[in-house]
Amino acid sequence: MCGIVGYIGSRPAAPILIKGLHQLEYRGYDSAGIAVGGPDHPQLQVFKAKGKVDNLEANVHRALPLPDTPLTTGIGHTRWATHGEPSETNAHPHLSMSGDLALVHNGIIENYQLLKEQLTEFGYTFKSQTDTEVLVQLIDYFYQKNGRQLTKAVHQALDKAIGAYAIVVMEKDDCRHLVAARKASPLVIGIGKDYSEFFIGSDATPLVEYTHKVIYLDDEQVADIRIGQEVQITNLDESSADVTIKDVDLDISALSKGGYPHFMLKEICEQPHCMENSMRGRVICREDGLYEIKLSALNHFKAKLIRARHVIIVACGTSWHAGLIGKQLIEEMCRIRVEVEYASEFRYRNPVIEKDDVVIAISQSGETADTLAAIQLAKEQGALVFGIVNGVGSSIARATDTGIYIHVGPEIGVASTKAFTGQVTVLTMLSLALAHALGTLSDEAFQQTCHELAAIPRKMETVLQQNDRIEQLSGRFTYARNFLYLGRGYNYPVALEGALKLKEISYIHAEGYPAAEMKHGPIALVDKEMPIVCLTAHDQLYRKVISNMQEVQSRNGRIFAVVTEGDDEVRRIAEEVIEIPDTMPCLLPLLSVIPMQLLAYHVAVKKGLDVDMPRNLAKSVTVE
Ligand code: M6R
């Protein structure tokens, strides 16, 4: 979703801002802009463009000769439209009517209409349809009133604003100074050597090239950032807050495509390695050949976790699908009742949360607004909140009581792939560790499952070897307007995930269904045009799924099946089969999801679509 960058120092700001915006492109956006200024410069200069950052870059290059510009301060933004269409006028940064201030903003100011009416009465006029322009005018109102003290004006304005925001404000009069603030939307401040320069980002991605020393602004905090000085942080009530400087550890090579045509393909192919990273130091094979699971998150909270009578998993999108697999794992291995909830629904219900309940929040980005709000609600009601997160230091990682990072590295492609297998890996380790502690799984079953889990990365490599075949056969499906994905048991969430992947990047409508449910409605859609993806690997429901496939076959549906190596029976029914190595049913999703990801990827590529940045989608959904 929207991205923020900022810079103050002695280098030309524009190239740093543009590069940072490129690095934030993965979040999804539809317009971009920067504002730059400098000491002795009479006005803030604003550049905007609809569409890609490349368009903005071209505008800036035309207007601003580089690199000998004295414009050493700036803010930039990629906008994902919420209020008002994607256009140059609505793109950020927004200037105040006086031209004294420029602002970039992620989030939504919910009471902007009311504020706009009040500001109009004071003579303010507006050019855009955005809530952000209202906020900069509101800051300007207090700025002009209180003797041009920017930090104070930001405090006064935020006191009136209702909603979520991460903002950075710059002022024409003092280009050695920026003010940043956040509420429910992340912001990171990178510190250059001896405070000689500062880099700001809505996540750490654009900063790591310059510094590893960062401050993660906490909720409801305002940062006063001035060259040559330590950052001053105050809470929204103007009391001073502690400043903690952290080391950020982000592998910069993960931010490039590394020879692959798209981030999505790179991330699909990285999965064996990612899974190994996720298990490193956690799934341990001792010298005697026996396995143990070590999860540091369980050290302090093990007693509470094993006392849980009820687990509620909250998540969105792909993470929610991982949660459905988590439900089956925890129920099967630990015999604890589990519910899986869409975070967006959970947060607005009055859910029953009892003493000793545990809420597990799953999120790749760690910034999803609905999941954060669900965590807040669960905490207010006294639940222990456990996070399964990829974004290190993210808002969800910090908001949860404890948790496990999935450690799959930055995921740039908007369609989540390696994060899904990372989440399922962590859920499997967590279920095994709890089951072992509870005694609900026999030693033999525990050892067998750990042993097989450790073997999955090699088996994933075998599945990935079928990439070329999947590419070839994907060409046959680009005509389709609808797809059906069928699976049962552990493969039912994989069917949902396969359908979501296809929808997101190929814009083909697809539905995932529990295979047996099909005859209660969706079967009416089946004809010779309809591709049906059947997840039919060997498990206890294998025969049942074959019956469901026969129902499809007799209505001329085109079946594409994922089967266990050596399966001849399905080959006789399906038009195409992709084989995956044999494994235990509870580990099947880790293998069977890979052909789903590759199929969606190749169909989208064959349709000539922007796989890494599909239309209308954002990588981190930081608004509700
Ligand atoms: O960062 P999160 O895991 O919290 O994000 C949740 C969903 O927005 C995300 O999984 C989305 O559905 C992806 N685009 C799926 O590919």
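The exercises below walk through several features of this structure, which is a predicted model, and each is followed by a worked solution.

**Exercise 1. A helix and its surroundings**

Task: Find how far helix α13 reaches from its first C-alpha to its last, decide whether this helix is largely enclosed or not, and describe what phi G439 takes just after it.

Solution: Begin with the extent of the helix, which covers residues 418-438 and therefore has 21 residues, at an expected 1.5 Å a residue. The distance from the first C-alpha to the last is 30 Å, which is close to the 30 Å expected. Next, turn to burial, where a residue counts as buried when its relative accessible area is under 20%. Of the 21 residues of α13, 18 are buried, so the helix is largely enclosed by the rest of the structure. Finally, look just beyond the end of the helix, where G439 takes a positive phi of about 75°.

**Exercise 2. A salt bridge between distant parts of the chain**

Task: State which residue forms a salt bridge with R398, and work out where in the chain the two partners lie.

Solution: The general idea comes before the particular pair: side chains of opposite charge can pair when their charged atoms come close. The partner of R398 is D218, and the closest N and O atoms of the two are 2.8 Å apart. This pair links distant parts of the chain, since R398 belongs to helix α12 (residues 395-399) while D218 sits in the loop between β11 (213-216) and β12 (221-226), 180 residues apart. As for accessibility, R398 counts as partly exposed at 27%, and D218 is likewise partly exposed, with a relative accessible area of 38%.

**Exercise 3. Salt bridges in and beyond a helix**

Task: Determine how many residues apart E461 and R458 are in helix α14, give the closest N and O distance of their salt bridge, and then say how many salt bridges a search of the whole structure finds.

Solution: First place the two residues, both of which lie in helix α14 (residues 443-464), three residues apart, or about one turn of the helix. An α-helix has 3.6 residues a turn, so residues three or four places apart point the same way. With that in mind, consider the contact itself, in which the closest N and O atoms of E461 and R458 are 2.7 Å apart. Both partners are partly exposed, E461 with a relative accessible area of 34% and R458 with 42%. Another salt bridge joins E452 to K459, with the closest N and O atoms 2.8 Å apart, and here E452 is buried, at a relative accessible area of 12%. Widening the view to the whole structure, a search finds 32 salt bridges, and one network of salt bridges links R469, R476, R558, E575 and E576.

**Exercise 4. A patch of negative charge**

Task: Name the residues that gather in a patch of negative charge on the surface, and locate E238 and E220 in the chain.

Solution: The residues of the patch are D159, E220, D237 and E238. Taking E238 first, its place is in the loop between β13 (232-235) and β14 (246-247), and with a relative accessible area of 43% it is partly exposed. E238 is 16 residues from V222 in sequence, and the two are 8.5 Å apart in space, C-alpha to C-alpha. Taking E220 next, this residue lies in the loop between β11 and β12 and is partly exposed as well, with a relative accessible area of 35%. The backbone of E220 also deserves a note, as its phi is near 60°, a positive value in a residue other than glycine.

**Exercise 5. Details of the backbone in loops**

Task: Decide whether the peptide bond from H92 to P93 is cis or trans, and whether R335 is buried or exposed.

Solution: The omega of the peptide bond from H92 to P93 is near 0°, and the bond is cis; P93 lies in the loop between β4 (73-79) and β5 (94-95). Moving on to R335, this residue is found in the loop between α9 (317-334) and β18 (337-342), and its phi is near 60°, a positive value in a residue other than glycine. With a relative accessible area of 63%, R335 is exposed.

Technical notes
Residues numbered from 1 in each chain as written. Predicted model: local features only at pLDDT ≥ 70, side-chain atom pairs only at ≥ 80, totals over all residues. Heavy atoms only, no water. Helix = DSSP H or I, 4+ residues; strand = E, 2+ residues; numbered from the N terminus. Buried < 20%, exposed > 50% of the residue type's maximum accessible area, 1.4 Å probe, protein only. Salt bridge = Lys/Arg side-chain N within 4 Å of Asp/Glu carboxyl O. Patch = residues over 30% accessible without salt bridge, like charges linked within 9 Å, V, L, I, M, F, W, Y side chains within 5 Å. Areas by Shrake-Rupley, 256 points an atom, 1.4 Å probe, with all protein chains shown as cover. Lys, Arg positive; Asp, Glu negative; His and termini not counted. Charge placed at Lys NZ, Arg CZ, Asp CG, Glu CD.
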